Amino acid sequence: MKELIVGKNDAEQRLDRFLKKYLEKAPLSVIYKNIRKKNIKLNDKRATPESILSEGDVIKLYMSDDTIDKFLRDKVNFKSSKFPKVIYEDENIILMNKIAGVLSHNDSAGYVRNMVDMMIDYLIAKGDYDPRVEKTFRPALCNRLDRNTSGILIGVKNAEALRILNEQMRKGNVEKLYLTLVKGKTPEKFEDESYLVKDEEKNKVFSSREHRTGSKKSKTLFKRLEFSEDFSLLEVNLITGRTHQIRTVLKNRGFNIVGDVKYGDKALNEKFLKKYNYKSQFLHNYKITFNIEGEELAYLKGKSFYSELPQLEKTILEDVFDSNLIWRK
């Protein structure tokens, strides 16, 4: 006997339709026969194919494990390149590792390889999301990373979790820490409060100390982890999440991010391209901490999740600083 508990996203549908999705390889005639013979019960009572499911309902399948396994969908290779690398996952959220060069969302030109589509393909393959059933909700991201920025993306599997996390992020209760390698020796600790305005035609952001029409206030905290005569490795605490915020603020202070084509130092980028074949910007969202308020999603409170630096970035740091990095956890 196998017991299934109906979740929020599976509620408000007919029993036969639910079973057809769960027992994907079973003919409808077999499903109807087992319902008729009371081999399938709903809340320990006789059911009908038309019975409407509610959240928390219990479906019991009085069938052998071999029979159930025979009718389940084929197992999917979740190491496939079409799926994202998962750092953490539960019934509400999925934390994924984004590599540089992949978009967070689809772009206006219809660029298809993006993290949202990869996440949805993965959730469909797992059976956690069915677009035929979910008429209004689509799994979404709570944060975004620029195309050439790597690190943790927060995906959300249901509408309630999306609402809660968006609210918590607006309150600043989700801490996002980045690692970046910049040209020059920075102060040990410093912070920046600027007003950022985006030029839509150039797709470029400009920083100023005073408010301008259309500008948005940004706040960023910086801590130096390593330094040499020419470079500094910084940990960046992104208090606000403005477009190109870290890149713009550091450029404005004269600390260009290594590999940043839009805001960086052209000669420096060419040097790293020639020496390391380095084609992205050294900016990695390596740590997420949930400082959740309230009872909703309280199980995440105080939990931190990490994304390891890609190997090429590790190699660059060891070369640049000529030592084992003391900041490494």
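Okay, one definition before we start: when I say two residues touch, or are in contact, I mean they have heavy atoms within 4.5 Å. And keep in mind that this is a predicted model.

With that, let's take F272. Leaving out residues up to four places away in sequence, F272 touches F231, V258, N277, Y278, I316 and V320. The one I want to pick out is F231. The ring centres of F231 and F272 are 5.8 Å apart and the planes sit at 80 degrees, so we call that pair edge-to-face. F231 is in strand β13, residues 231–238, and F272 is in helix α7, residues 266–276, so this pair ties together parts that are 41 residues apart in sequence. Both F231 and F272 are buried.

F272 also comes up when you look at the nonpolar core. The largest one has 47 residues, and the members that touch the most other members are L181, L250, F272 and F282. Which helix gives this core its largest share? That's α4, residues 115–126, with 8 residues.

Staying with rings for a minute. The count for the model is 10 aromatic pairs. Another one of them is F190 with F222: centres 4.5 Å apart, planes at 10 degrees, so this pair is stacked. It links distant parts of the chain, with F190 in strand β10 and F222 in strand β12, 32 residues apart. F190 and F222 are both buried. There's also an aromatic cluster, made up of Y88, F290 and F305. And if you like a charge on a ring, look at R224: its charged end sits over the ring of F227, 4.2 Å from the centre.

Now, β10 and β12 were the two strands holding that stacked pair, so let's zoom in there. β10 covers residues 189–199, and β12 covers 216–227. The two run antiparallel, with 8 bridges joining them. β10 also pairs with strand β11, residues 204–208, again antiparallel, through 5 bridges. L196 is a handy residue for seeing both pairings. Towards β12, L196 stands opposite K216, and in β11 its bridge partner is S207.

L196 is also one of the contacts of S218, which is in β12. Setting aside anything up to four places away in sequence, S218 touches D192, E193, S194, L196, T240, R242, Q245 and V249. Buried or exposed, then, for S218? It comes out at 1% relative accessibility, so buried; the cut-off for that is under 20%.

Next, the hairpin between β10 and β11. There are 4 residues between the strands, and one of them to look at is N203, which takes a positive phi near 50 degrees. Why flag that? Most residues other than glycine have a negative phi. N203 isn't a glycine, yet its phi is positive. N203 counts as partly exposed, at 35% relative accessibility.

D199 is in β10, the strand leading into that hairpin. Its side chain reaches the backbone nitrogen of K202, at 3.2 Å. Leaving aside neighbours within four places in sequence, D199 is in contact with K204 and F206. D199 is partly exposed, at 26% relative accessibility. If you want a feel for distances in this model, D199 and D65 are 134 residues apart in sequence, and their C-alpha atoms are 60 Å apart.

For contrast, go to E50, in the loop between β3 and β4. The C-alpha atoms of E50 and L15 are separated by 6.1 Å, and these two are 35 residues apart along the chain. E50 is partly exposed, at 46% relative accessible area.

Last stop is another positive phi. K38, which isn't a glycine either, has a phi of about 65 degrees. You'll find K38 in the loop between α2, residues 28–36, and β2, residues 40–42. With 42% relative accessibility, K38 counts as partly exposed.

So if you open the model after this, I'd go back to two spots. One is F272, among the best-connected members of the 47-residue core and edge-to-face with F231. The other is β10, which is joined to β12 by 8 bridges and to β11 by 5. That's it from me.

Definitions and conventions. Residues are numbered from 1 along each chain as its sequence is written. This is a predicted model: local features need pLDDT of at least 70, side-chain atom pairs count only at pLDDT 80 or more; totals for chains, interfaces and linings use all residues. Side-chain values use heavy atoms; hydrogens and water are left out. Buried means under 20% relative accessible area, exposed over 50%, partly exposed in between (1.4 Å probe, protein chains only). A polar contact is a pair of N or O atoms within 3.5 Å; within protein, one must be able to donate a hydrogen and the other to accept it, and residues adjacent in sequence count only if both atoms are side-chain atoms. Two strands pair if DSSP finds at least two bridges between them. Rings of Phe, Tyr and Trp (its six-membered ring) pair if their centres lie within 6.5 Å; planes under 30 degrees apart count as stacked, over 60 as edge-to-face and the rest as tilted. A charge sits over a ring if NZ of Lys or CZ of Arg is within 6 Å of the ring centre and within 35 degrees of the ring normal. A nonpolar core is a set of buried Ala, Val, Leu, Ile, Met, Phe, Trp, Tyr and Cys residues joined through side-chain atoms within 4.5 Å.
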